[in-house]
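Please open the structure in your viewer and keep the sequence beside it, so that each selection can be followed in both. The tour moves from one selection to the next and says what is found at each stop.

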Amino acid sequence: FWLKVQPALGHGPLLPRCPQRPGAPSKMQNDEGRIVDLYLPRKCSATNRLIPAKEHGAVQLNIGQVDEEGRYTGEFFTVALAGFIRQRGESDSCLNRLMHEKGLLTF
């Protein structure tokens, strides 16, 4: 809530105030008492730039590891690509480079 507080005559302009709820913790905590945050920023795997929370063009891919027979082993690699990489049309070449660096793709 934003509340307007009426100042007494001769004092400054109306200022917004955000009242604190009584008994509310100041930080987010889980059941074990550890401090946790709701938002963890992601980084683009191709450029190492932070991906903003409101960027809707970014994607995150989980690439599964398979054995010699082509069965999923339960392991995966996570790759995040920012929207500007996708917009420039370089996401396929960035994925090729990242998978080549991990030894999953040969040229």
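How far is the sulfur of C94 from the closest cysteine sulfur, and in which residue does that sulfur lie? Select C94 and C44 together, keeping in mind that this is a predicted model: the sulfur of C94 is 6.8 Å from the one in C44, which is too far for a bond, since a disulfide needs the two sulfur atoms within 2.5 Å. C44 is accordingly in no disulfide, and the structure as a whole holds zero disulfides. Both cysteines are nevertheless hidden from the surface, C44 counting as buried at 1% relative accessibility and C94 being buried with a relative accessible area of 8%.

**The whole chain**

Now zoom out and colour the chain by secondary structure, which shows two helices and six strands. Followed along the sequence, these elements come in the pattern β-β-β-β-β-β-α-α. The chain has 107 residues, of which 12% count as buried, and it exposes about 9300 Å², with carbon and sulfur atoms supplying 53% of that area. Among the contacts with a separation of 6 or more, 29% are between residues 24 or more positions apart.

**The largest nonpolar core**

Next, select C44, A46, I51, A58, V79, A80, L81, A82, I85, C94, L98 and M99 and show their side chains, for these 12 residues make up the largest nonpolar core. At least two residues of this core come from β6 (72-81), and at least two from α2 (91-101). As general background, nonpolar side chains tend to be buried together in soluble globular proteins.

Within this selection, pick out I51 and display its surroundings. Neighbours within four places in sequence aside, I51 is in contact with Y39, R42, K43, C44, A58, A80, L81 and A82.

From I51, move to A82, which is found in the loop between β6 and α1 (83-87). A82 is buried, with a relative accessible area of 2%, and, not counting residues up to four places away in sequence, A82 touches C44, I51, E55 and A58. If you add Q60 to the selection and draw a line between the C-alpha atoms, A82 and Q60 turn out to be 8.8 Å apart in space, although 22 residues separate them in sequence.

**Helix α2**

Which residues of α2 are buried? Select the helix and highlight C94, L98 and M99, which are buried there. If you then look down the axis of α2, its buried residues fall within an arc of 130 degrees, so they line one face of the helix. To see what lies over these buried residues, bring back β5 (59-66), β6 and α1, which are among the elements that cover them.

Staying with α2, select E101 and R97, whose side chains meet in a salt bridge with an N to O distance of 3.2 Å. Both residues lie in α2, four residues apart, about one turn of the helix. E101 is exposed, with a relative accessible area of 53%, whereas R97 counts as partly exposed at 34% relative accessibility. Just after this helix comes G103, whose phi is positive, near 80 degrees.

**Other salt bridges**

How many salt bridges does a search of the whole structure find? It finds four, and another to display is the one between R88 and E90, where the closest N and O atoms are 2.9 Å apart. Of these partners, R88 is exposed, with a relative accessible area of 54%, while E90 counts as partly exposed at 28% relative accessibility.

Then select D67 and R71, whose side chains meet in a salt bridge of 3.8 Å, N to O. D67 is partly exposed, with a relative accessible area of 28%. Add E69 to this selection as well, for salt bridges that share partners join D67, E69 and R71 into one network.

**A last stop in a loop**

Finally, select N48, which is found in the loop between β3 (42-43) and β4 (50-51). N48 counts as exposed at 54% relative accessibility, and its phi is near 60 degrees, a positive value in a residue other than glycine.

Technical notes
Residues numbered from 1 in each chain as written. Predicted model: local features only at pLDDT ≥ 70, side-chain atom pairs only at ≥ 80, totals over all residues. Heavy atoms only, no water. Core = buried A, V, L, I, M, F, W, Y, C linked by side-chain atoms within 4.5 Å. Buried < 20%, exposed > 50% of the residue type's maximum accessible area, 1.4 Å probe, protein only. Contact = heavy atoms within 4.5 Å. Arc of directions from axis to C-beta. Areas by Shrake-Rupley, 256 points an atom, 1.4 Å probe, with all protein chains shown as cover.
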